[in-house]
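User: I am new to this protein. Please walk me through it in short steps.
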Amino acid sequence: MSSIQPTIIIVDDEIINIHSLARILRGTARLCFATSGKQALQLAKKLQAEMILLDVMLPDLSGFEVCKQLKNNPETSRCSVIFVTALGSTAEEAHGLRLGALDYIIKPFNPTIVRERVQNLLNLTLAYRKLEELSSTDFLTGAFNRRYLFEIADTELKRHRRHNRSASIMMLDIDHFKEINDNYGHSVGDQALRHLVQVCHENLREEDIFARFGGEEFCVLLPETDAATAKDAAERLRQSIKTAPMALDEQFLNMTVSIGLSGITLDESDDINYWIEQADKALYHAKKNGRDQVVLR
Ligand SMILES: [Mg+2]
C-alpha cells in the first residue's frame with residue numbers, strides 16, 4: 001500500500017458514458033476504463049483499484065454479478081463499488097446496495113453532485129485502507145505486527161488443514177542486541193531493527209508472513225513449506241544477515257541471528273500458539289548452543 005494516486009475504474013459498455021464520467025471526475029484519481037464485466041474484474045484485480053464505477057447493463061456479466069464476484073474474491077473485496085445506472089427502481093437500487101455497493105447513482109445525474117459523492121466515498125475508502133495498514137504493521141520497522149500474524153496464521157492453518165498442506169514457522173532473534181543498544185544508543189538499535197527487516201524482506205518470499213514479535217524477536221510463517229525446505233531458507237537468511245553489515249557513520253555493524261524452526265504438522269495441532277512455542281524452544285537451544293545458528297525442532 002502506498003501514497004501513489006488512487007485508481008478508479010469506470011465500467012460502461014457505451015463509450016459516450018465513459019467519456020462523460022471521465023470528464024466529471026478528471027483530477028480526482030487515476031481513471032481507467034472497461035467495457036465489459038469480465039474486463040472489469042480483470043482490471044480491478046490487476047490494478048488493485050480503490051474504486052469501481054459500475055454500469056449494471058453490460059454485454060456479458062451484469063454489473064450486479066461483477067459486484068458479487070469482486071466482493072467474494074479476497075484480492076478485490078476491498079475495492080469500493082458505486083453503481084451508475086439507468087435502472088432506477090427501488091428494488092434494483094436496494095439489490096445493488098445489499099451486494100455491498102457504497103452508493104447507487106441513477107442516470108440522468110447531476111455532474112457536480114456525482115463528483116462530490118465520488119470524492120467523499122474515495123476519501124472514506126482511502127482512510128479505511130490506511131487504518132487497515134496501521135493496524136497490521138509494526139510502526140518502527142514496517143514489518144507486520146503480532147496481532148496481524150495471529151489473525152492471518154489462524155486463517156492460513158485452517159486452509160492448510162483443509163487442503164492437507166504443510167507449513168513451517170520460524171522464530172528469529174538478533175544475537176546480543178542489548179549490546180548494540182548499550183554501545184551505540186537506542187536510535188542505532190532502532191536502525192538495526194529496520195536493517196534486519198529489510199534484509200529479511202529481500203530474502204523471504206512474497207507469501208511468507210514476516211512479523212515483529214516483540215523487542216528484537218521476529219516470527220515468520222512459511223506457507224506450503226515443509227521443514228527441510230524451511231531449514232534451507234532459514235540457513236540462507238542467517239547467512240544473508242551475517243554478510244550484510246549495517247553501515248554506520250564511520251564503521252560497519254555486524255549482526256548475527258539465532259533461528260528456531262518447526263515444521264507444522266496439523267494432525268498434531270492447528271493452534272498457532274502451540275507452534276510458536278515449539279519454534280521458540282528450538283530458538284532457545286540455538287541460543288544456548290552458542291548463537292548464530294539454526295535449530296530445527
Ligand atoms: Mg450499459
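User: Into which domains is the protein divided?

Analyst: This is a predicted model, where local features need pLDDT of at least 70, side-chain atom pairs count only at pLDDT 80 or more, and totals for chains, interfaces and linings use all residues. Residues are numbered from 1 along each chain as its sequence is written. The domain bounds come from an automatic or database domain assignment. They give domain 1 (7-133) and domain 2 (146-296).

User: How far apart do the C-alpha centres of domain 1 and domain 2 lie?

Analyst: The C-alpha trace spans about 75 × 50 × 25 Å along its principal axes. Between the C-alpha centres of the two domains, the distance is 41 Å.

User: What radius of gyration does the protein have, against that of a compact globule of 297 residues?

Analyst: The radius is taken over C-alpha atoms, and the globule rule is 2.2 Å times the number of residues to the power 0.38. For a compact globule of 297 residues, a value near 19 Å would be expected. The protein has 24 Å.

User: How many helices and strands are there?

Analyst: Both are DSSP runs numbered from the N terminus: helices (H or I) need at least four residues, strands (E) at least two. The count is ten helices and twelve strands.

User: Which strands pair with E8 in the antiparallel sense?

Analyst: Strands pair if DSSP finds at least two bridges between them. Strand E6 (residues 167-174) pairs with E8 over seven bridges. Here Met171 stands opposite Cys219. Strand E7 (residues 209-214) pairs with E8 over five bridges, and Ala211 has Cys219 as its bridge partner. The partners are therefore E6 and E7.

User: Is strand E8 mostly covered or mostly open?

Analyst: A residue is buried if 20 or more other C-beta atoms lie within 10 Å of its own, exposed if 12 or fewer, and partly exposed in between, with C-beta atoms placed from the backbone. In E8 (residues 217-223), five of the seven residues are buried. The strand is mostly covered.

User: Which residues have the most contacts inside the largest nonpolar core?

Analyst: A nonpolar core is a set of buried Ala, Val, Leu, Ile, Met, Phe, Trp, Tyr and Cys residues joined through C-beta atoms within 7 Å. The largest one has 42 residues. Its largest share, seven residues, comes from helix H10 (residues 272-288). The residues with the most contacts inside this core are Met170, Cys219, Ile259, Leu261 and Ala279.

User: How many residues does the other core have?

Analyst: This core lies apart from the largest one. Among its residues are Ala40, Ile52, Tyr104 and Val118. Its size is 31 residues.
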